[in-house]
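Biologist: I would like to learn how to read a model of this kind feature by feature. Could you take me through the general idea each time, and then the case at hand?

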Amino acid sequence: MIVARVVGQVVATQKRPQFEGASLLLVQPETPQAEARGGTLLAVDSVGAGVGERVLVVLEGRAAGEALGKKLSPVDAAIIGIIDQLEFVE
């Protein structure tokens, strides 16, 4: 699981049936201190996140596919939570 910030939206008029009704968002992975790290990812949104919000993202595997509530969905990244507060202790 990673922390990321939603930086954009993707509109796709043609998509697999498993994705009907699901939002596709661009997310930028971040460190706990809110510094960007790595490249931008395309993620399926299962919680109604919006641009500018910090989110929790699962990558690959069964957890990402199950975020849609549909088995065998071809998902590499899924937003599973919106971060209200992040407390970082050094």
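Modeller: What follows goes through strands, cores, charged pairs and a few single residues.

Modeller: This is a predicted model, in which local features need pLDDT of at least 70 and side-chain atom pairs count only at pLDDT 80 or more, while totals for chains, interfaces and linings use all residues. Residues are numbered from 1 along each chain as its sequence is written, and side-chain values use heavy atoms, with hydrogens and water left out.

Biologist: Which strands does E1 pair with, and in what sense?

Modeller: Strands (E, at least two residues) and helices (H or I, at least four) are DSSP runs, numbered from the N terminus, and two strands pair if DSSP finds at least two bridges between them. Here E1 and E2 are antiparallel and share six bridges, with Ala 4 having Pro 29 as its bridge partner in E2. E1 also runs antiparallel to E4, to which four bridges join it; in that pairing Val 3 has Leu 56 as its partner in E4.

Biologist: And how is strand E3 placed, in terms of its bridges to E2 and E5?

Modeller: Strand E3 (residues 41–45) pairs with strand E2 (residues 23–29) in the antiparallel sense over five bridges, and Leu 26 stands opposite Leu 42 there. With strand E5 (residues 77–82), E3 runs parallel and is joined by two bridges, Val 44 having Ala 78 as its bridge partner in E5.

Biologist: Which residues make up the largest nonpolar core?

Modeller: A nonpolar core is a set of buried Ala, Val, Leu, Ile, Met, Phe, Trp, Tyr and Cys residues joined through side-chain atoms within 4.5 Å; buried means under 20% relative accessible area, exposed over 50%, and partly exposed in between, with a 1.4 Å probe and protein chains only. In this model the largest nonpolar core has eleven residues: Ile 2, Ala 4, Val 6, Leu 25, Val 27, Ala 43, Ala 49, Val 55, Val 57, Ala 77 and Ile 79. Two or more of these residues come from each of strand E1 (2–10), E2, strand E4 (54–59) and E5, and E1 gives the most, with three residues. Apart from this core lies another, of seven residues, including Leu 24, Val 58, Val 75 and Ala 78.

Biologist: What does Ala 49 touch, beyond residues up to four places away in sequence?

Modeller: Contact means heavy atoms within 4.5 Å. With that sequence exclusion, Ala 49 touches Val 6, Leu 25, Val 55, Ile 79 and Ile 82.

Biologist: Turning to charge, how many salt bridges does a search of the whole structure find?

Modeller: Side chains of opposite charge can pair when their charged atoms come close. A salt bridge is a side-chain nitrogen of Lys or Arg within 4 Å of a carboxyl oxygen of Asp or Glu, and the search finds two. In one of them Arg 5 pairs with Glu 30, the closest N and O atoms being 2.9 Å apart; because Arg 5 lies in strand E1 and Glu 30 in the loop between E2 and E3, the pair ties together parts that are 25 residues apart in sequence. Arg 54 also forms a salt bridge with Glu 30, at 2.9 Å from N to O, and this pair links Arg 54 in strand E4 with that loop, 24 residues apart. Arg 5, Glu 30 and Arg 54 are thus linked in a network of salt bridges.

Biologist: Are the members of this network buried or exposed?

Modeller: Arg 54 and Glu 30 are buried, Glu 30 having 7% relative accessibility, whereas Arg 5 counts as partly exposed at 26%.

Biologist: What surrounds Asp 45, a charged residue in strand E3?

Modeller: For charge, Lys and Arg count as positive and Asp and Glu as negative, while His and the chain ends are not counted. Asp 45 is buried yet has no salt bridge, and the nearest side chain of opposite charge, Lys 15, is 11 Å away. A polar contact is a pair of N or O atoms within 3.5 Å; within protein, one must be able to donate a hydrogen and the other to accept it, and residues adjacent in sequence count only if both atoms are side-chain atoms. The side chain of Asp 45 reaches the backbone nitrogen of Gly 48 at 3.1 Å, and one of its polar atoms lies 2.8 Å from the backbone nitrogen of Ala 49.
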